[in-house]
Amino acid sequence: MAVKGTDLVKLLPKKTGCKECGFPTCFAFAMKLATGGAKVSDCPYLSDEVREKIEDLLAPPIRPITIGTGDKALLIGDEEVIYRHEKTFFHPPGIGVLVSDTEDEKDIARKIKSVEEMEFIWIGRTLKADLVVLRCASGEKGKFVSLVKKAAEMADGTPLVLMADKIDALLGGLEACGKEQKPLLYAITEANIEEAISKLGQAEVPVAVKAEDLGKLSALTEKLKEAGIQDLVVDPGSRKLWEAVRDQIFIRRAAIKQGFRALGYPTITFPCLMADDPKRELVIASALVTRYAGIIVLSDLKEDMLFPLVVLRLNIYTDPRVPMAVESKIYEINQPTDESPVLLTTNFALTYFSVANEIEATKVPAYLAIQDTEGLSVLTSWSAGKFNGETAGEFIKKSGIEQKTKNRKIVIPGVLARIRGELEDELPGWEVVIGPREAAGISSFLPELVGRS
Ligand code: SF4
């Protein structure tokens, strides 16, 4: 729930006219504060109490939490909306693999490596898992500590989650990997909160809080906040699909709609503990991607499970206000020469990658001319007047392609056969060829065009 300037102004000292904040009135300052255009510290007349109150009001409804450090650090939380179409979701859930200290050495090594090595290139992006989740399943601190040591050496900076019931085991694990690695410690519960406050208060790493229900969870987070431990991730303890989805929705709505700070934290979820069958685990994980999970822990990383999940995550966390686009330019595929033909299409990312991949597979050297249509697909950009004979002609003339090839054949998408005449008028000397309606047709069309069929 965004705070309003009119609420903030009530807390200001109203020394109207002092202007020390750089604004003509307290009201103007409050309005800027509410929209992030000024800092609370800019007004020198606020008491510590009022400053804290204003900072609390201005804090994001879901606290941003960073796990790990450097390039691989995972930032979760800091979301602003319930529905993606209201604005966008900002921070995709981290996907982690559960590794227990009771597993055999080979499995442990394979799972840790898979987080680093299992990746998929999808419309120009690298999609992969993010976390190694280390669990003290043996109940033995020594065993857990050696697992953490091994993982810290192998994980090459991949963020870690340390899971143990006992605070001593968590502290042992923290010492083994180093608190500068900023692992997430899981979990503080009703049973160990007093010990956690006294021993983890100075740890300066994020901690997860687990309770059996949302009421108890809120009480724990409030208590930790009072003790100065605020970098929290919450686990409402639900281990059935419908309960987990219900709790995720409740937490998100409470934080964003009601401004309920006690639940304003990202969540950690465990599909790995909710299903025995990998397919069901995937279904649960998918539901949690769409319903607000901050971290999703899987029992293992298998390609056929991880790939659909990371693609779904990409789709849900892509900004719906910004079409996915690639750079508008001439792409050279299969080492084209000055004899190679030109294919023309739009800079919608999915179009580009479909067409480029199909051309590459034919092994026919060609130029792919990608026109800027603000990321719109072929028919959409044509309907919007962004992709027609006139715009395409102008793009081709400015693109420099006439200096790269003497071939004067330009292939247009089959669904836009209607722009052929216009484009020929714009590009005298070029033969406009109508290509296939779908990218899949390029595999037979292109070899035929160059006489290689
Ligand atoms: S410095 Fe503080 S008191 Fe002075 S105008 Fe700005 S907000 Fe008001």
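These legends go with a set of close-up views of one predicted protein model.

**View 1. The whole chain, split into three parts.** The domain assignment cuts the protein chain into domain 1 (5–58), domain 2 (65–316) and domain 3 (330–449). Measure from centre to centre over C-alpha atoms, and domain 1 sits 56 Å from domain 3. Along the principal axes, the C-alpha atoms of the chain take up a box of roughly 80 × 70 × 35 Å. Count up the secondary structure and you get 17 helices and 17 strands. Of the 453 residues in the chain, 40% are buried. As for who touches whom, take the contacts between residues at least 6 apart in sequence: 67% of them join residues at least 24 apart.

**View 2. Helix H4, from end to end.** Helix H4 covers residues 105–117, which makes 13 residues. At 1.5 Å a residue these should span 18 Å, and the end C-alpha atoms are indeed 18 Å apart, so the expected and modelled lengths agree.

**View 3. The two faces of H4.** Which residues of H4 are buried? They are Ile 108, Lys 111, Ile 112, Ser 114 and Val 115. Looking down the axis of H4, these buried residues fall within an arc of 155°, so they line one face of the helix. There's a simple rule behind this kind of pattern: an α-helix has 3.6 residues a turn, so residues three or four places apart point the same way. On the face turned away from the buried side, look for the exposed residues Glu 105, Lys 106 and Glu 117. And what covers the buried residues of H4? The cover includes strand S3 (94–100), strand S6 (131–135) and helix H5 (141–154).

**View 4. A five-strand sheet.** Here is an open sheet with the strand order S13-S15-S14-S16-S17 and mixed pairing. Strand S13 (330–333) and strand S17 (431–434) are its edge strands, each pairing on one side only. On average, neighbouring strands of this sheet are turned by 30° against each other, ignoring direction.

**View 5. Strands S14 and S15, side by side.** Zoom in on strand S14 (residues 342–346) and strand S15 (residues 366–371), which pair in the parallel sense over five bridges. If you want a landmark, find Thr 346, which stands opposite Gln 371 in S15. For background, strands of a sheet pair through backbone hydrogen bonds, either parallel or antiparallel.

**View 6. A cis peptide bond.** Which two residues does the cis peptide bond join? Tyr 186 and Ala 187, with omega at about 5°. Ala 187 belongs to strand S8 (residues 184–188).

**View 7. Lys 19, a positive phi in a loop.** Lys 19 isn't a glycine, yet its phi is positive, at about 60°. You'll find Lys 19 in the loop between helix H1 (5–9) and helix H2 (26–34). Lys 19 has 13 C-beta neighbours inside 10 Å, so it counts as partly exposed.

**View 8. Lys 182, another loop lysine.** Lys 182 also has a positive phi, about 50°, without being a glycine. This one lies in the loop between helix H6 (167–177) and S8. Is Lys 182 buried or exposed? Lys 182 counts as buried, because it has 22 C-beta neighbours inside 10 Å and the cut-off for buried is 20 or more.

Key
Residues are numbered from 1 along each chain as its sequence is written. This is a predicted model: local features need pLDDT of at least 70, side-chain atom pairs count only at pLDDT 80 or more; totals for chains, interfaces and linings use all residues. Domain bounds come from an automatic or database domain assignment. Helices (H or I, at least four residues) and strands (E, at least two) are DSSP runs, numbered from the N terminus. The expected span of a helix is 1.5 Å times one less than its number of residues. A residue is buried if 20 or more other C-beta atoms lie within 10 Å of its own, exposed if 12 or fewer, and partly exposed in between; C-beta atoms are placed from the backbone. The arc is that of the directions from the helix axis to the C-beta atoms. Two residues are in contact if their C-beta atoms, placed from the backbone, lie within 7 Å. Two strands pair if DSSP finds at least two bridges between them. Axes are lines fitted to C-alpha atoms, for helices over the stretch in contact, and angles run from 0 to 180 degrees between N-to-C directions.
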